[in-house]
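Q: I would like to go through this model with you, piece by piece. Could we start in the middle of the fold and work outwards?

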Amino acid sequence: MKIVILDGATIDPGLSWAPLQALGQLEVYPRTPADLVVQRIGDAEAVFISKVSMNQEVLDNCPHLKFIGVMATGYNNIDLEACRRLNIALCNIPAYSTDAVAQHTFALILEICSQVALHDQSVKAGDWARSEDFAYWKAPIRLLKGKSLGIVGYGNIGKKVAEIASAFGMTINVYSQNQEAAVTSDILSLHCPATDSNAGFVNKEFISRMKDGAILINTARGVLLNEGDVAEALQSGKLAAAGMDVLSKEPADPANPLIPLPNCFITPHMCWSPEEMRQIIIDGCAANLQSFLKGETLNRVDCQ
């Protein structure tokens, strides 16, 4: 079997594709532009992708293709109807990143509340050596104990975030159980999937219902935010700070209004990426393809 990986660059640093190499003739491309997708798939029967688009035109021009493996949980970049019509199996890697995303959520929360990077830079710039006192702080330090955390999206990741928050002594408000309590929490963290109905739902009206000086965290999907409205709220002080691992356009648009704001902390969609998680992806891809070859349906997306 010929197997092609079209965008392996974010998955394989420091790791090996050996589990997939054991299943067939493997070709790996770090990245694939849209105009080369069909050419690189060629006569392959199985293809693995992360963010490459597999639309109807692509699928119609790959007659040998029998299997698509998504090296992630989401598969909104694949035309499901075309997969059904062409009898192409589609598999994903469900719930692999729960611990990593929850950890990164709190990395953002703790950076905002404890300001570690700011004070590290200050010490290294000589501010502590010049200080008249044994301690100082250049920004407010916030204690998590006793604060409330609103969670929008209470699946595996949301529940793990709640577990960690409880260990800090925080009060948990789940949006699906009590919208008002969640929206008016000290910190609001998004963990819901992006859908047509919730795109941009964190907008001016939604933010107006939030507690003055609240903190917004988004490790879900950038399109959940109206980024202009969030930027305005950060500039006005309605929101004290925000932490983002995702933006509406990725890689980031330099014109994104959130990027220059000093109270918006942004990381480059990396919350899923510890080596342990990426190894789960590689092993999961091999397990999914092996299951397909046996006529089984491990992690099969229902596209029949």
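A: Certainly. This is a predicted model, and a convenient place to begin is L216, which stands opposite A242 in β10.

Q: Which helix packs on the sheet there and touches β6, β8, β9, β10 and β11?
A: That is helix α5, residues 98-114. Its direction makes about 150 degrees with that of β9.

Q: And which helix touches β9, β10 and β11, with a direction at about 135 degrees to that of β10?
A: Helix α11, residues 227-236, packs on the sheet in that way.

Q: Going back to the strands, what is the order in the sheet, and is the pairing parallel or antiparallel?
A: The sheet is open and has six strands in the order β7-β6-β8-β9-β10-β11, with parallel pairing. The edge strands are β7 (171-174) and β11 (264-266), each of which pairs on one side only. From one strand to the next, the twist averages 15 degrees.

Q: How many bridges link β9 and β10?
A: Five bridges, in the parallel sense, between β9 (residues 214-218) and β10 (residues 239-244). Besides the L216 and A242 pair, I215 stands opposite A241 in β10.

Q: And on the β8 side, how many bridges?
A: β8 and β9 pair over four bridges, also in the parallel sense. There, I187 has I215 as its bridge partner in β9.

Q: What handedness does the β-α-β unit of β8, α10 and β9 have?
A: The unit made by β8, helix α10 (residues 204-209) and β9 is right-handed. The unit made by β9, α11 and β10 is right-handed as well.

Q: Is β9 enclosed or open to the outside?
A: Five of the five residues of β9 are buried, so the strand is largely enclosed by the rest of the structure. In a regular strand the side chains alternate between the two faces of the sheet. In β9, A214, L216 and N218 are buried on one side, and I215 and I217 are buried on the other, so that both faces are covered.

Q: Which residues of α11 are buried?
A: They are E227, D229, V230, A231, A233 and L234. These buried residues pack against α10, β9, β10 and β11.

Q: What follows α11?
A: G237 does, and its phi is positive, near 95 degrees.

Q: Where else is there a positive phi, in a residue that is not a glycine?
A: A95 is one such residue, with a phi of about 55 degrees. Most residues other than glycine have a negative phi, and most peptide bonds are trans. A95 lies in the loop between β5 (89-91) and α5, and at 45% relative accessibility it counts as partly exposed. H269 is another residue other than glycine with a positive phi, near 45 degrees. It is found in the loop between β11 and α12 (275-293).

Q: On peptide bonds, which one is cis?
A: The bond from E250 to P251 is cis, with omega near -5 degrees. P251 has its place in the loop between β10 and β11.

Q: Changing topic to cysteines: how many disulfides does the structure hold?
A: The structure holds zero disulfides.

Q: Why does C192 not form a bond with the closest cysteine sulfur?
A: The closest cysteine sulfur, in C271, is 13 Å from the sulfur of C192, which is too far for a bond. A disulfide would need the two sulfur atoms within 2.5 Å. C192 is itself buried, with a relative accessible area of 12%.

Q: And what about C264, buried or exposed?
A: C264 is buried, at 7% relative accessible area. Its sulfur is 14 Å from the closest cysteine sulfur, which belongs to C113, and that is again too far for a bond.

Q: Finally, what does the domain assignment of the chain give?
A: The assignment gives domain 1 as 2-96 + 274-294 and domain 2 as 98-266. Taken over C-alpha atoms, the centres of domain 1 and domain 2 are 33 Å apart.

Methods. Residues are numbered from 1 along each chain as its sequence is written. This is a predicted model: local features need pLDDT of at least 70, side-chain atom pairs count only at pLDDT 80 or more; totals for chains, interfaces and linings use all residues. Side-chain values use heavy atoms; hydrogens and water are left out. Two strands pair if DSSP finds at least two bridges between them. Helices (H or I, at least four residues) and strands (E, at least two) are DSSP runs, numbered from the N terminus. Axes are lines fitted to C-alpha atoms, for helices over the stretch in contact, and angles run from 0 to 180 degrees between N-to-C directions. Contact means heavy atoms within 4.5 Å. Buried means under 20% relative accessible area, exposed over 50%, partly exposed in between (1.4 Å probe, protein chains only). A crossover is right-handed if, with the strands pointing away from the viewer, the path from the first strand over the helix to the second runs clockwise. Domain bounds come from an automatic or database domain assignment.
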